[in-house]
Amino acid sequence: MTDPASIFLLAMGLVTSGNPELYGIIWLSLRVSLTAVAISCLIGLPLGAALAVVTFPGRGAVIAVLNAFMGLPPVVVGLVVYLLLSRSGPFGVLGLLYTPTAMIIAQALLVTPLIAALARQSLADLHLEYDELFRSLRLGATDKIAALIWDGRYSLSTVALAGFGRAIAEVGAVIIVGGNIEHVTRVMTTAIALETSKGDLALALALGLILVGLAVAVNVAVLSLNRAAKRLAYA
Amino acid sequence: MRLTSIAATALVALATASTAAHAQDPFIILQSTTSTENSGLFKHILPIFKAKTGIDVRVVAVGTGQALKNGAKGDGDVVLVHTKAAEEKFVADGFGVKRIEVMYNDYVIVGPDSDPAKVAGSKDAVAAMKKIADAKAPFASRGDDSGTHKAELDLWAPAGVDVKAASGDWYRSTGSGMGQTLNTASGMNAYALADRGTWISFKNRGSLKIVVEGDAKLFNQYGVMLVNPAKHPHVKAKEGQAFIDWLVGADGQNAVRSFKIEGEQLFFPNAATGELKKAG
Amino acid sequence: MLKPLDENTGYGLGRRPIFPLDACNVGFSDGGRQLLDRVSLTLTQGLKTVIMGANGAGKSLLMRVLHGLVKPEVGAVLWARVPADAEVMSRQAMVFQKPSLLRRSAEGNIQFVLGHLNRSEAESRTREILERAGLSAVARTPARLLSGGEQQRLAVARALALEPDILFLDEPCASLDPASTMAVEEMIETAHQTGTKIVLVTHDIGQARRLADEIVFMSGGRIAEHTAARQFFDGPVSAAARDYLAGRLHVPGYSAGT
């Protein structure tokens, strides 16, 4: 039952069955990961751009830490967020543990360093090109950061996709802070983990295939949106 | 700037959707074990409870040790686990209100068809464990402080086997849930101790089969406790107690009894009687 | 560019004078090599100054020091006897050898420097500026898809959109064909006529002849000669300038000037 052809057929069957439970899981996965990536971009892109633009003592150390945090283990992030959001933790009163919001927080924490580090790399090259112009125009740091983010928007969308890839694929953080609760916090990866632990490897693989398809679909959507925007709204 | 505003709108929409999703029915969080979740028991009984009371039970399935720790921290309203001693300590420490027995099933020792330790058909779990150790046949342990893990250690002790010393050799501590451990056992043709519920619903058996069952020592009792609202005031005591009352009452017990996989009953309710039936 | 001039000072009304522009004993070295060697120079308003010299003579570096992009190791740059403050900084503009255009449309590049105006003002100013630069037809084209000549015209137009009192240009026509070069030179000439001080670095002797009122000739990080253009081309005083011009004069297409 775990040969590629039957896995593919099973996956297709699941997708076309219109199973509301599956669609709920897919929708939650997208909602959690897309929101987390959007939050990460709001924080990470200006942060990355600032590190590309502003020089200050200790900048090298900050960049090194950021680069190291790109590989932050999801399970560690999950554990930290769990301890923060636990009823016995500092933010326990908010009652966020085992909710999609907790999963969004955990994934945003996981993805922000990645987005900031990649954005810094990509914008540092751009900044090298613009540096003299910016200084000739006597731009302040904020204007420089805004201009870099806007002018680098197409390469930054790839950065955001890298973040999305990390978010949608991770299981370690969401399973701890979400609890893999059916209909509430079960996403694709935790569902796969559950089916694996039930020994239903075929179903787990089929879900995995759907997850990959989902990631591909989001990538294609963003990249073609990109191309359309490049063509139509170049302003 | 158009892209920015589209992105901002999308973000707001997503964020709103996230908050809207959990402002609905009353719900409680049940800290429970992988064995009950993986077997499919909750999927069978919880909709019945919800239909009756409108209360949504959100199950977090971890090992017994983890479930009790999470409960002690207040990250749950009700705990349903299966290690009597640890449960009694949980109540004694003031984290739980009262321990009530709900149901039982039993553990089984599963092993490869080839049965290198020659234990198949035995009814003496401790002797079988000793034989496995003597043969240095691979054994996959949960190793995660779960109820099943504790039950397994309770079999090694009287057998006089020091599994710590054998760890990494023939004794493989997987540090994972029941299903994962069975996957490992199936992959390396190892023996393992499993609860019958998970075993029956487990699909990736490979060459594994039950080799030992029916020993009184393999009895597996589940207990339920309300997390103490005196310790954690946010605990939904009313809804939590409603769930417990239902579970140990006639309706809940019947629901448990009616859960079957391929005609086989996985859990045996014993709340009303409190009787300690022999397993098997 | 159509700013009203004060009859007495020649500056925009209500603005304090910024000339003369003085480089005082400016020095800059890199890895032991003296790139600028105690350079002193006074530039006055009104004249188009062309800086010439062989590669590595320090022309571009001197221009960057004057513009405030590079801080000299020793010496100082004074505007009307005082160091540049934010206001003086804001009254300068520079065009680079590479057009360094933003990844936006032509009009986006102009609007970028008009942030102080409100939207409708910026839009009408942009139209006006592109019109004057002959770029109206490509207003919405991505700047990086323009031809080399169009790109540099856009870069000059963007610098002029700042309405600077002084415009620095670092070999703006280095990679342009003759027609594009002429178009850029026309823009420079117009800017000069409306009161913008021009400081231009070039290797193109023809261009220097066409544009320069005065020549600053540099050699080995020093100023070898600073004279009126006619005098420079008729009889350079320094040996370095003579060699430089002689080397150039062998290039076909240029008639001997001595």
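1. Two strands count as paired here if DSSP finds at least two bridges between them. With that in mind, a friendly look at this predicted model can start in chain C. Six strands form an open sheet there, in the order S6-S7-S8-S3-S9-S10, and the pairing is mixed. Strand S6 (92-95) and strand S10 (222-228) of chain C are the edge strands, each pairing on one side only. From one strand to the next, the twist averages 15°.

2. Within that sheet, have a look at strand S3 (residues 48-53) and strand S8 (residues 197-201) of chain C: they run parallel and are joined by four bridges. One place to check is C:Ile51, which stands opposite C:Val201 in S8(C).

3. Helix H1 (residues 59-67) of chain C packs on the sheet. H1 touches S3, S6, strand S7 (166-170), S8 and strand S9 (214-219) of chain C, and its direction makes about 155° with that of S7(C).

4. Now to the contact between chains A and C, which takes twelve residues from chain A and 15 residues from chain C. On the chain A side, helix H5 (100-136) and helix H6 (141-151) each supply at least two residues. The largest share of that side, six residues, comes from H5(A). By class, the side of chain A that touches chain C has six nonpolar, one polar and five charged residues.

5. Chain B offers a helix pair worth viewing. The axes of helix H11 (residues 237-248) and helix H12 (residues 250-257) of chain B come within 4 Å and cross at roughly 65°. B:Trp246, B:Leu247 and B:Val248 in H11(B) meet B:Asp251, B:Gly252 and B:Gln253 in H12(B). This contact has three nonpolar, two polar and one charged residues.

Definitions and conventions:
Residues are numbered from 1 along each chain as its sequence is written. Chains are lettered from A and ligands numbered from 1 in the order in which they are written. This is a predicted model: local features need pLDDT of at least 70, side-chain atom pairs count only at pLDDT 80 or more; totals for chains, interfaces and linings use all residues. Two residues are in contact if their C-beta atoms, placed from the backbone, lie within 7 Å. Ala, Val, Leu, Ile, Met, Phe, Trp, Tyr, Cys and Pro count as nonpolar, Asp, Glu, Lys and Arg as charged, and the others, Gly among them, as polar. Axes are lines fitted to C-alpha atoms, for helices over the stretch in contact, and angles run from 0 to 180 degrees between N-to-C directions.
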